[in-house]
Amino acid sequence: MAWVKRHLLAFAAAWALLASEDGDFTAPVLEALTEGEPEAAEAMVRALQLAPRSDLLAHLAPLVARGPAEVQARALRVLA
C-alpha cells in the first residue's frame, strides 16, 4: 500500500509540473525519469504519457538516442 501512495504522489507531482501554465517544468520530470528510483521513474513515465504536451518528442529523443538502456526503454514507452 505504501508503494501505491508513493507512486500516486510522484505521478501527481509530475502531472502538475507538466501541465503548469506558469513555466516549463519539464526538466525536473525528466531528471526523475532518468535518475529517480524505479518506482518514481515509472510514475514519470505514466505522467509523461498522459501529459497534454506536443513538445515531448524533442525532450525525449536525446534520451532514446544516448541514454542508458533502462532510460531508453522508459522514453520509448512514453512515445509509444
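Let me start with helix H4, where Leu 56, Leu 60 and Leu 63 are buried. These three cover an arc of only 50 degrees around the axis, which puts them on the same side of H4. Leu 57, Ala 58, Ala 65 and Arg 66 are on the other side of H4, and they are exposed. As for what lies over the buried residues of H4, the cover includes H2, H3 and H5. One caution before I go on: this is a predicted model.

Now H5. What is buried in this helix? Val 71, Arg 74, Ala 75 and Val 78 are. Looking down the axis of H5, you find its buried residues within an arc of 95 degrees, so they line one face of the helix. On the other side of H5 we have Ala 69 and Glu 70, which are exposed. The cover over the buried residues of H5 includes H2, H3 and H4.

One name in that list deserves a stop, and that is Arg 74, which belongs to helix H5. Is Arg 74 buried or exposed? Its relative accessible area is 7%, and the cut-off for buried is under 20%, so Arg 74 is buried. Which residues does Arg 74 contact, leaving aside its neighbours within four places in sequence? They are Leu 33, Thr 34, Pro 38, Ala 41, Glu 42 and Val 45.

Next, the core. The largest nonpolar core has 18 residues. Those that touch the most other members are Leu 33, Met 44, Leu 48, Leu 60 and Leu 63. At least two residues of this core come from each of these helices: H1 (2-19), H2 (26-35), H3 (38-50), H4 (56-66) and H5 (69-79). Which helix gives the most to this core? That is H3, with 5 residues.

Take Leu 33 from that core list. With its neighbours within four places in sequence left out, Leu 33 contacts Ala 41, Met 44, Val 45, Leu 48, Leu 60, Leu 63 and Arg 74. You will recognise Leu 60 and Leu 63 from the buried side of H4, and Arg 74 from the buried residues of H5.

Let me turn to how H1 and H2 pack. Two packed helices are described by the angle between their axes and by the distance between the axes. For H1 and H2, the angle is about 145 degrees and the axes are 8 Å apart. The crossing of H1 past H2 is left-handed. Which residues meet there? From H1 there are Ala 14, Leu 17 and Leu 18, and from H2 there are Thr 26, Pro 28 and Val 29. Sorted by class, this contact of H1 with H2 has 5 nonpolar residues, 1 polar residue and no charged ones.

Staying with H1, I will go through some single residues. Lys 5 sits in helix H1. The cut-off for exposed is over 50%, and Lys 5 has 54% relative accessibility, so Lys 5 counts as exposed. How far is Lys 5 from Gly 67? In sequence they are 62 residues apart, and in space they are 28 Å apart, C-alpha to C-alpha.

His 7 is also placed in helix H1. Relative accessibility for His 7 is 18%, so this residue counts as buried. Beyond its neighbours within four places in sequence, His 7 is in contact with Glu 39, Glu 42 and Ala 43. Glu 42 came up earlier, as one of the contacts of Arg 74.

Then there is Ala 10, again in helix H1. Ala 10 has 16% relative accessibility and therefore counts as buried. Its contacts, leaving aside neighbours within four places in sequence, are Ala 40, Ala 43 and Met 44. Ala 43 is thus shared: it is on the contact list of His 7 as well. Ala 10 and Glu 39 are 29 residues apart in sequence, with their C-alpha atoms 8.6 Å apart in space.

Last, a residue from H3. Arg 46 is found in that helix. Is Arg 46 buried or partly exposed? With 41% relative accessibility, Arg 46 counts as partly exposed. Its C-alpha atom is separated by 8.9 Å from that of Trp 15, and the two residues are 31 residues apart along the chain.

Conventions
Residues numbered from 1 in each chain as written. Predicted model: local features only at pLDDT ≥ 70, side-chain atom pairs only at ≥ 80, totals over all residues. Heavy atoms only, no water. Core = buried A, V, L, I, M, F, W, Y, C linked by side-chain atoms within 4.5 Å. Buried < 20%, exposed > 50% of the residue type's maximum accessible area, 1.4 Å probe, protein only. Helix = DSSP H or I, 4+ residues; strand = E, 2+ residues; numbered from the N terminus. Contact = heavy atoms within 4.5 Å. Axes fitted to C-alpha atoms, helices over the stretch in contact; angles between N-to-C directions. Left-handed = near helix turned anticlockwise from the far one by under 90°. Nonpolar A, V, L, I, M, F, W, Y, C, P; charged D, E, K, R; others polar. Arc of directions from axis to C-beta.
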